[in-house]
Each structure stands twice: as structure tokens, then as C-alpha cells.
Amino acid sequence: MKQKTKYVILYYAVIFGYFLLVAGCKYTVSNKSPGDSQINQTATWSEFGELNPSAPKETIQLGQLIGEWDCISLDLKSIDADSFVWYSNRATWKWEYILGGHALLNNWWQEDTSPNPTTREYFVAGIFIFNPNTKHWEASVMNSRAKRISPKFQLIYKADQIQMHDGSGKWLVTFFDIHKDSFEWKYEILTEVEEWKPISKISAKRKS
């Protein structure tokens, strides 16, 4: 019986020692392909990810927005009204690199204080990647109200502005006045008289 107890104790000591060894080790990726070639991770990681050196150089265009932002959102009370009555919400907007630094993810969340909102909490997430073949950004966005993925959007960077649309010519999103610690955003629709009407605006300040 004493001999059996000795082996049981030894068994658990070995198992415990193994888990201590695993916990104390820093995990590194060293997988090899069938051809025995080493896979090297070129990106380094920070809180919001890092741009991959092999990503298209245009990726930095949206990379300007990497980080977490305190936002004031202004939304038109009624799109069809002639008068411009706005309501204001505070929100948080987070941008980070994903896909090994080849694409970006953003997350938006706010408590909607507008009159009779569909839901008080409102969440939006989007994935953005630059297509070197078309020379345009491509994006898909989803939100907690629609509960579906949007059609694919395109983004164009010109004159220090980022413009996003779906090709219909009926609406336009623009990031502008972009600085290290702040930027502006607006969402416009094309009216029946062929004029662009802003229905939503955002002022963003980088979180300290």
C-alpha cells in the first residue's frame, strides 16, 4: 500500500510540474509547412495592433484612426424636416489592426438619448481592408439594430479625407479634418433637389 501511495504522489507531482513548466514558458509560433519552411510573424503587437510591413502602403490611410476615441455624435431629429434640430449623444469609437496588421476593425458603442430610439444601446462594428487590385478600400459594417452585415462599401482617400459610399450615389460618409488626436465625421444624403444634406456628425477626441 505504501508503494502504491508513493507512485500516486509521484504521478501527481509530475503532472503538477508539467503545468508549472507550461505556465512559465512564453509561447512562440514555430509551425512549419509540409516543406519544412519556417513561418515568421512579421507584425508586432500593441494594445491596438500594428501595421504589417507587407500590407499595402495605403493601409496607413485608415491607420491614422488607430486607437480609442471619445465622441460627440449629433443626429438630425427628423431627416425630412426643413429645420435642422439635432440631438446629441456621447459614444466611444475604437479602431485596431486585425488580420496580422493587414486590415482594420472598428467598434462603436453609445447610449442613444434621442427621442424614442429603437434601442437605448447602439453598437456598430466594421471591417476594412485595402484592395491593391482595385486601388480602393473595401468595407463591411454591421450594427446591433439591423442585425445583419451591410453590402460591401468602398472607401476613397483623397485631399486628406476618407470618403465611404456604396456606389448608389445616394449617401456619403466623410472623415475629415484628421489630426493626431482628433477628427471629424459626417454622414450626408442626396436630396431630391440634388443637394447634400448632413444628417449625422461626429467629433472625435483621442482618449488620454
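**Reading salt bridges, hairpins and a core**

Reply: Let's start with a pair you can click on: Lys152 and Glu138 form a salt bridge, with their closest N and O atoms 3.7 Å apart. Keep in mind that this is a predicted model.

Me: Where do Lys152 and Glu138 lie?

Reply: Lys152 sits in the loop between strand 5 (136-143) and strand 6 (153-158), while Glu138 is in strand 5, so the pair ties together parts 14 residues apart in sequence. Lys152 counts as exposed, at 52% relative accessibility.

Me: What's the general idea behind such pairs?

Reply: Side chains of opposite charge can pair when their charged atoms come close.

Me: How many salt bridges does a search of the whole structure find?

Reply: The search turns up 6. One of them joins the side chains of Lys207 and Asp70, at 3.7 Å from N to O. Lys207 lies in the segment after strand 10 and Asp70 in strand 1 (residues 67-76), so this pair ties together parts that are 137 residues apart in sequence. Glu68 belongs here as well: Glu68, Asp70 and Lys207 are linked in a network of salt bridges.

Me: Are Lys207 and Asp70 buried or exposed?

Reply: Neither label fits: Lys207 is partly exposed at 34% relative accessible area, and Asp70 is partly exposed too, at 38%. Now try Lys186 and Glu188, whose side chains meet in a salt bridge at 3.9 Å, N to O. Lys186 is partly exposed at 27%, whereas Glu188 is buried with a relative accessible area of 11%.

Me: On to the strands. Which way do strand 8 and strand 9 run?

Reply: Strand 8 (residues 171-179) and strand 9 (residues 182-190) run antiparallel, joined by 7 bridges. They form a hairpin with 2 residues between them. To check the register, look at Phe175, whose bridge partner in strand 9 is Trp185.

Me: What does strand 9 do with strand 10?

Reply: Strand 9 pairs with strand 10 (residues 196-206) in the antiparallel sense, over 9 bridges. Here Tyr187 stands opposite Ser200 in strand 10. This hairpin has 5 residues between its strands, and Glu194 in the turn has a positive phi of about 60°.

Me: Last one: which residues touch the most other members of the largest nonpolar core?

Reply: That core has 33 residues, and the ones with the most contacts to other members are Leu62, Trp93, Trp95, Phe128, Phe175 and Phe183. Phe175 is the residue that pairs with Trp185. Leaving out residues up to four places away in sequence, Phe128 touches several residues, among them Leu62, Trp95, Trp137, Leu155 and Met164. Glu138, from the opening salt bridge, is also one of the residues Phe128 touches.

Definitions and conventions. Residues are numbered from 1 along each chain as its sequence is written. This is a predicted model: local features need pLDDT of at least 70, side-chain atom pairs count only at pLDDT 80 or more; totals for chains, interfaces and linings use all residues. Side-chain values use heavy atoms; hydrogens and water are left out. Two strands pair if DSSP finds at least two bridges between them. Helices (H or I, at least four residues) and strands (E, at least two) are DSSP runs, numbered from the N terminus. A nonpolar core is a set of buried Ala, Val, Leu, Ile, Met, Phe, Trp, Tyr and Cys residues joined through side-chain atoms within 4.5 Å. Buried means under 20% relative accessible area, exposed over 50%, partly exposed in between (1.4 Å probe, protein chains only). Contact means heavy atoms within 4.5 Å. A salt bridge is a side-chain nitrogen of Lys or Arg within 4 Å of a carboxyl oxygen of Asp or Glu.
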